[in-house]
Amino acid sequence: MPSTQGTHSVLGDWSGQLIATAIHTGHDLRSDIAAAMVLDEDTRRREEDPFTDVIGAALPAQVVAHRSRFEVDLNRPRDTAVYRSPEDCWGLQVWREDPLQDALVEGSLREYDEFYSDLGHQLDEVAARGPFVVFDVHSYNHRRDGAAGGPAPLEDNPEVNLGTGTVDERFAPVVAAFRRSLSDQQVGGHHLDVRENVKFEGRALAWWVHERYAGVGVCLALEFKKTFMDEWTGQPDEAHLVELQQALAATSAPVLEALKAVGMPSGEVL
């Protein structure tokens, strides 16, 4: 369905040093992209990250992308951010004609540039005050064998995968505080299973933060296993989502306390 809103929304109070993003939660398409697409909506939504904006909504500041990753994938480098052929997106037939026309690709890349330009403008002001943390909230499927199939093995599929593949070691106290505080939270009657770099290590958004704000910004790439919804019907468990939202929000104070020990690259401590 064609989009009725812009590429993304900047929400909340940006006077602090903690920001949440939901860059794969979007489902909207530009009208010309919608006309070129043959991928069915159910498959498209299943490969997106619905409700990740809800999980991060209790954080003080948030950026929420509205466009589908099948229009432009904000978590890939710019030169691969548009899926032009099935080889770019898990073998899925997305477009009526392959590869996607250059004019449509260029339109999607303009949206990519707009997003990162706007995010840079926002984070430049945050970075000017000192070290900051971005929670890059994603989700992942764990029932790939179909609606009647069982879940993937627990040993390889944590409830929360904490991606820290390009995190500067100076932020180790922040990573430890996050992992410890989120693991202490109870969701669904048990402590969350939070493990580091089991399935994902973080991609383009994390790389961008760590390059542009080297030594000042840290991006924690968070992949929540889709136990909070039925990934085949798209139906959420509202109570589970609220618990995850509260659990993530509960990490704010420990993370910000750990951030105080992180000095600026000059050696100055906040």
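What covers the buried residues of α6? I began my entries with this point, noting that the model is a predicted one.

**Entry 1: helix α6.** I looked up helix α6, which runs over residues 204-212. I recorded its buried residues as A204, L205, A206, W208, V209 and H210. I then asked what lies over them, and found that the cover includes the strands β2 (18-22), β4 (132-140) and β9 (217-225), together with the helix α4 (102-129). As background, I noted that an α-helix has 3.6 residues a turn, so residues three or four places apart point the same way.

**Entry 2: the largest pocket.** I turned next to open space in the model. The largest pocket has a volume of about 440 Å³, and I counted 24 residues in its lining. Nearest its centre I found R69, W90, S139, F200 and E223. Which element gives the most to this lining? It is β4, with 4 residues. I also noted that α2 (41-47), β4 and β9 each supply at least two residues of the lining. Strands β4 and β9 thus appear in my notes twice, as part of the cover of α6 and in the lining of the largest pocket. By class, I entered 14 charged, 6 polar and 4 nonpolar residues for this lining.

**Entry 3: the second largest pocket.** Here I recorded about 160 Å³ of space. The lining comprises 13 residues, and T25, G26, H27, D53 and A65 are those nearest the centre. How does this lining divide by class? I entered 4 nonpolar, 5 polar and 4 charged residues.

Key: Residues are numbered from 1 along each chain as its sequence is written. This is a predicted model: local features need pLDDT of at least 70, side-chain atom pairs count only at pLDDT 80 or more; totals for chains, interfaces and linings use all residues. Side-chain values use heavy atoms; hydrogens and water are left out. Buried means under 20% relative accessible area, exposed over 50%, partly exposed in between (1.4 Å probe, protein chains only). Contact means heavy atoms within 4.5 Å. On a 1 Å grid over the protein atoms alone, a cavity is a set of points where a 1.4 Å probe fits but cannot get out, and a pocket is an open set with protein on both sides within 12 Å along at least five of seven lines; lining residues have an atom within 4 Å of a point. Grid points are joined across faces, edges and corners, and a volume is the space filled by probe spheres set on the points. Ala, Val, Leu, Ile, Met, Phe, Trp, Tyr, Cys and Pro count as nonpolar, Asp, Glu, Lys and Arg as charged, and the others, Gly among them, as polar.
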